[in-house]
Amino acid sequence: MTQPADPGPEARNDPIDLEGPTEVGPPSTDAPPEAPAVSSNGHGNGHAEAPPAPAEHEQAHGEEGGEDALALVRYGYMRQLGLFRHSLPEPPRRGQPVVIRSDRGVELGEVLAAGNPPASEEEGDGCGGCGHRGPCLGQAQLEPFTRGNGQLRTEGRILREATPQDLNDQAHLDRASHEQLLYCRQQAQQLRLAMRLVTVENLLGGERVIFYFTAENRVDFRDLVRKLATQYRTRIEMRQVGARDEARLVGDYERCGQQCCCQAFIKDLQPVSIRMAKTQKATLDPAKISGRCGRLMCCLRFEDATYEDLRKRLPRKNIWVRTEELVGRVLDGQILTQLIKLMTADGAIVVVANEDILERDVAPPEPRPTPAPRPRRPERPARTPRPQPVAAPAESQGPVEPSVDGEGED
């Protein structure tokens, strides 16, 4: 299927909007309508390779079957989720690679679950009778995700199961991504563009190349897109991402030893506040509660609901509670361990479990009567010090006259 020529950014005079993706097709001088699309082979030279039409895909593989079924698919470098329809003879298995047609084009995806969520509550929580033996997708599984991440993408369809040739073609395109990144970075430096390239994504068949970049200000990259379209003879898309999306693209593991949450399961990145760190009693040092993106860690947000639920179970401070053994005033509480520190009426400190508290907001116990103080003994009069004996002066002796040698001798 030939690709219609794009008049280019000069003829269209389209304004560049950095809030969303910007895509420009190959110039008409390099890719006329009668010429097939050309994809890079990873070595700077291109070879003609016409991407198959969607109708040819479906007709070649004979998508047969009755009414459409649903399957949850993860696709793309941004690990997007889509609830796509298919008419495959058998429901796809979990983890099976499939070829899908999304709003970006034909690409590879991974099946996470299969099934039909019920249209109403009367149908129950099953999958609608798809007969799939693996993990099935029901309304109860969809509600937690849609509540935290918004609605799933449904503008797509599963065309067929991925073949070994599809996987080899995608691996070949992925190997060429590094050279495409270096070439785009070199051209951006020559054009003096204040942008930093993050990574490059190639869709299956080479029908589109997506360049992810970060920039602090608006960037006029029309000349860069024109050079890239001339070099690779395919549709070019420039997508600006933020700090969190950059960590999702190039991040690996966090300090906890687990994979980054934005890569593992978080799809819709919502703001994180310092209040969540205070609720979880985490340190307020930004260096210790910031992730790979330099922002507050995402786990502070998706764990906030659990912390709030556990915090509401604890009694308020400075109220009196009663257990089977004692009555005490609440001094402090631990959210995760659900342990309460109490102080009894006699001043003793006791730690009890939250589940051991039988009653809250009880009246404080009456103070015990203090015994009367003992009468103080009368003070004894101060003893007079005994007189110290005075030593007698030593008798003085007169001076002894020295004897003269030789006196008194015969």
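**Exercise 1.** What pLDDT does the protein average?

Solution. Start with the scale: pLDDT is the predictor's confidence in each residue, from 0 to 100. The protein averages 75, and 70% of the residues score at least 70. Next, look at the weak stretches. Over residues 117–135 the pLDDT is below 50, and this stretch has 32 contacts (heavy atoms within 4.5 Å) beyond near neighbours in sequence. Residues 1–66 also stay under 50, with 119 contacts beyond four places in sequence. Where pLDDT is low, don't read the predicted coordinates in detail.

Some ground rules: this is a predicted model, so local features need pLDDT of at least 70 and side-chain atom pairs 80 or more, while totals for chains, interfaces and linings use all residues. Residues count from 1 along each chain as its sequence is written, and side-chain values use heavy atoms, leaving out hydrogens and water.

**Exercise 2.** Work out the strand order of the open sheet with five strands.

Solution. Strands are DSSP runs of E, at least two residues, numbered from the N terminus; two of them pair if DSSP finds at least two bridges between them. The order is β15-β14-β13-β12-β16, with antiparallel pairing. Now check the edges: β15 (349–353) and β16 (359–360) each have a single partner strand, so one side of each lacks a neighbour in the sheet. Finally, zoom in on β12 (residues 320–322), which three bridges join to β13 (residues 327–334). Arg322 has Val327 as its bridge partner there.

**Exercise 3.** Is Cys184 buried or exposed?

Solution. Buried means under 20% relative accessible area, exposed over 50%, and partly exposed in between (1.4 Å probe, protein chains only). Cys184 has 0%, so it's buried. Cys256, at 56%, is exposed.

How values were computed
Helices (H or I, at least four residues) and strands (E, at least two) are DSSP runs, numbered from the N terminus.
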